[in-house]
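Grab your viewer and work through these short exercises on packing and sheet layout. Try each one before reading its solution.

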Amino acid sequence: MTKTILERLKTLLLDQYNIDVGSIKPEAPIESIGLDSLDMVDFFYAIEQEFKIKLPTPNLNLKSIQDLVDLVERTVKEQTPQEPLNRTTE
Amino acid sequence: MNRVVISGLGVVSPLGNSSQEFFDQLIAGKSGVSKFPADFAPRLGIRIAARCAFDAEAYFPRNIARKLDPVSQFALVAAEQAVNDAKLELTEEEKRRSGVYVGTSVGGIKALLDGHALLLVENATRLPPLSIPMAMNNAPVSHISTRFGLKGACLTYSTACSSSAVAIGEAFRLIQHGYADVMVAGGSEASLEYGLLMAWESLGTLATEASDPAASCRPFSKDRSGFVLGEGAAMVVLESRDRARRRGARILGEIIGYSTTAEAGHITKPSEAGMAAAMQAALDNAGIAADSIGYINAHGTATPINDVVETRAIKQVFGPKAYAIPVSSTKSMHGHLLGAASALEFIACVLSIQHQVLPPTINLAVPDPECDLDYVPGQGRKVSGLTTVMSNSFAFGGTNAVLIVRTEQ
């Protein structure tokens, strides 16, 4: 199984910010992660590196963690080349 | 005017990451210069440097370390040592009258160069958002101020090789004139980066590499060829003598003189008159005669020009007595830490009085008729009755600074 986007975001938070959001609910407000505004900008950059995407800036209207997950999912779909059909892993 | 004493020392250096280890290595005549192991080293013409053995994760959690350029890491570790060494405890009211002055030549240059490399090498379309707060020259001051809650004057001085002498000297004056009671002051430099090393190399002031890297930097020796770049930080806690005495602090020495004068002559070339003026101004500021000085820690860069001109300037100020004053260049061992050099050398001066031992000039193998003073060659020298010491710093850009430290009496 590949990790879900939420899981990968949690791993990033733990690795780079030493923040364990545990079983945080996706509908929780984005502020509940506990990053200040500077760290949040840095976190978006870390997300871009992790998913090899470029997020739109400024990142407005992200209310919940689910909004962030959706944004990442949408951007990955838009910006990642289609994977070959004969992929055999998993 | 308040008298100003030194109550704490902190060192991150190519000769060890504590003031004690640093001084022990100095006295033993050990060199901190070695082959440079970086990936880019093969592309350098001169592949030696005086590096710190420094593992950031031994001092900071990983999530904090990654937000600090090495210049701030070094500065924070040295400041923490100095504050602990001074056993400093400040009330909220006292914190408002305490500050931080740090000298640095190029600040968080690694953060900037790393970002630039991403643009050039990886065609990055966005840079790490912390590039600016990591790279800015006042980051070390800001982190130290924040760490200890110091809310008085917090300033960064950038005057090349004299940056941290200026930081310490200006902090001394600030306390002297009653604007602050306690200051953390010193310097930090972390510029052993590809771009910087290449730039230094082409300037032609670096020591050519000897088969034994430790023998590359040879101040006052006829065969000298320049300095070896170093990195690290050195910080002191300064406080008013009244305050230090009141709290029963261990007093390591007193700053009695400081000067900063300008060459107003040439962007890199020092002059005998400029150096002599700086030394004389510090003596005048201290209100002492030249013959009170028992040891001079030279700027001693080991460039062909500096060492001759500094020797002449010392003779101009001290007259025939210059021959009786030991003068050494500790850069022969710890390298040239640029913005942190003066503070590190100042700490060597404080400890030389404390321990009554003079640090040597190493690699002085070939006498130069134009450098004919007592340079304490080879190994540390035990002395007695050493009370007053001068530390010279002469910078690119022409901002010279001299500090005089004395046993507190």
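**Exercise 1.** Leaving aside neighbours within four places in sequence, which residues is B:A78 in contact with?

*Solution.* Keep in mind that this is a predicted model. Contact here means C-beta atoms within 7 Å. Drop the sequence neighbours of B:A78, and you're left with B:G10, B:V11, B:V12, B:G186, B:A233, B:A234 and B:M235.

**Exercise 2.** Place B:A78 in the largest nonpolar core, and find where that core draws its residues from.

*Solution.* Start with the members: the core has 106 residues, and B:A78 is among those that touch the most other members, along with B:M183, B:V184, B:V236, B:I347 and B:L403. Next, look at the contributors: helix α15 (residues 341-355) of chain B supplies the largest share, 10 residues. Now zoom out to domains: domain 1 (4-246) and domain 2 (254-406) of chain B each give at least three residues to this core. Finally, a second, separate core of 16 residues turns up, with B:L197, B:W200, B:A207 and B:F227 included.

**Exercise 3.** Trace the open sheet of chain B and work out which strands stand at its edges.

*Solution.* Write down the order of the 10 strands: β5-β4-β6-β7-β1-β8-β14-β13-β9-β10, with mixed pairing. β5 (154-157) and β10 (327-328) each have a single partner strand, so one side of each lacks a neighbour in the sheet.

Then zoom in on one pair: β6 (residues 182-189) and β7 (residues 232-240) of chain B run antiparallel over eight bridges. Within β7(B), B:A234 sits opposite B:G187.

**Exercise 4.** Which strands does helix α12 (residues 272-286) of chain B lie across?

*Solution.* The helix lies across β8 (253-262), β13 (388-393) and β14 (399-406) of chain B. For its direction, helix α12 of chain B runs at about 140° to β8(B).

Notes
Residues numbered from 1 in each chain as written. Chains lettered and ligands numbered in written order. Predicted model: local features only at pLDDT ≥ 70, side-chain atom pairs only at ≥ 80, totals over all residues. Core = buried A, V, L, I, M, F, W, Y, C linked by C-beta atoms within 7 Å. Buried ≥ 20, exposed ≤ 12 C-beta atoms within 10 Å, placed from the backbone. Helix = DSSP H or I, 4+ residues; strand = E, 2+ residues; numbered from the N terminus. Domains from an automatic or database assignment. Contact = placed C-beta atoms within 7 Å. Pairing = 2+ DSSP bridges. Axes fitted to C-alpha atoms, helices over the stretch in contact; angles between N-to-C directions.
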